[in-house]
Amino acid sequence: MPSRKASHLRWTAITVRVLLALLAAVTAYEIGRAAVTGGENAFSDRGNQSLVCAPSPGLTSVAGNVTEDPAMLAAVKDIKAPPFHLFPLAKGVEVMEPLPELCRDDSSFGTQLLYQSSRFATTLVLLAALLLLERLIRAARREGGFDEAVVRRLRLLGVFLAAGTLVSSLYTTIAETGLARSMVAGALRRPWELALVNWAFPWAYLVAGVGLVVMAKVVRVGASMREELEGTV
């Protein structure tokens, strides 16, 4: 008869495997759809387009904006509801609100690779983290919760989750800044400022990763106490 603790770990392992399978299936579908159709929005109501989108820079971040062009400023004053973006855009670029975003139908391999990789960067890190978690649970069921191998895997999971999501989120904002730069006709001033403003810092994943590292230290202390107790007995 399996122990109650082993039974709990078995159901925990099953839950993690189901989540891993679901996330892997959804991610594979989205990547495959992007590869086959040439872009994320190929089946949208806008028609067969391979849209790439990026957060829009601020008005004064683009050279040649309405505050620097008297002719454009005079034209805007005659409009009751002027457009949100009042700076020159590259050919084929449209403004999508309410975010707002700059979007362009661009099916070139390089642009799509940059855009799609930025979309899936954090998701792939989470997939790898779930795989590490599944291996951790398997080791805990096999070796026991206070084994040194479990401690190492727990520490690895925490470091990977914190560092991986930090790097992936930074890559995403750099890629989006590069795409935004390619969609404006004027020079983009202070691109680093745009990157910082739009950086979705992964606080939750960072805290979770640090918490796992701390838990690894706690479990390691428990493992040492267990070894001392077994040596005494």
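**Close-up views of a predicted α/β model**

**View 1. Overall fold of the protein.** Read from start to end of the sequence, the pattern is α-β-α-β-β-α-α-α-α. This is a predicted model. The protein holds six helices and three strands. Of its 233 residues, 35% count as buried. The accessible surface is about 13,900 Å². Carbon and sulfur atoms hold 66% of that surface. Among contacts with a separation of 6 or more, 74% join residues 24 or more positions apart.

**View 2. The open sheet.** Three strands make up an open sheet with the order 1-3-2, and the pairing is antiparallel. Strand 1 (51–55) and strand 2 (93–96) stand at the edges. Each has a single partner strand, so one side of each is left without a neighbour in the sheet. From one strand to the next, the twist averages 30°. In a regular strand, side chains alternate between the two faces of the sheet.

**View 3. Pairing of strand 1 with strand 3.** Strand 3 covers residues 101–105 and is joined to strand 1 by five bridges. The two strands run antiparallel. Which residue of strand 3 does C53 face? C53 stands opposite C103. L51 stands opposite D105, also in strand 3.

**View 4. Pairing of strand 2 with strand 3.** Four bridges link strand 2 to strand 3. This pair runs antiparallel. V93 stands opposite R104 of strand 3.

**View 5. Helix 4 against the sheet.** Five bridges join strand 1 to strand 3. Helix 4 (residues 148–182) packs on the sheet, where it touches strand 1 and strand 3. The direction of helix 4 makes about 105° with that of strand 1.

**View 6. Helix 3 and its kink.** Helix 3 runs over residues 109–143, a stretch of 35 residues. At 1.5 Å a residue, helix 3 should span 51 Å. Its end C-alpha atoms are 47 Å apart, which agrees. Where is the kink in helix 3 centred? The kink is centred on F120 and comes to about 40°. An α-helix has 3.6 residues a turn, so residues three or four places apart point the same way.

**View 7. Surroundings of T111.** T111 lies in helix 3. Is T111 buried or exposed? Its relative accessibility is 16%, so T111 counts as buried, the cut-off being under 20%. Neighbours within four places in sequence are left aside here. Beyond them, T111 is in contact with V52, D106 and L179. V52 falls within strand 1 (51–55). L179 falls within helix 4 (residues 148–182).

**View 8. Surroundings of G209.** G209 sits in helix 6, which spans residues 203–232. With a relative accessible area of 1%, G209 is buried. Which residues does G209 touch, not counting those up to four places away in sequence? They are G158, L161 and A162. These three positions fall within helix 4 (residues 148–182). T165 is 44 residues from G209 in sequence. In space, G209 and T165 are 9.5 Å apart, C-alpha to C-alpha.

Definitions and conventions: Residues numbered from 1 in each chain as written. Predicted model: local features only at pLDDT ≥ 70, side-chain atom pairs only at ≥ 80, totals over all residues. Heavy atoms only, no water. Buried < 20%, exposed > 50% of the residue type's maximum accessible area, 1.4 Å probe, protein only. Contact = heavy atoms within 4.5 Å. Areas by Shrake-Rupley, 256 points an atom, 1.4 Å probe, with all protein chains shown as cover. Pairing = 2+ DSSP bridges. Axes fitted to C-alpha atoms, helices over the stretch in contact; angles between N-to-C directions. Expected span 1.5 Å × (residues − 1). Bend = angle between axes of the 7 residues up to and from the residue.
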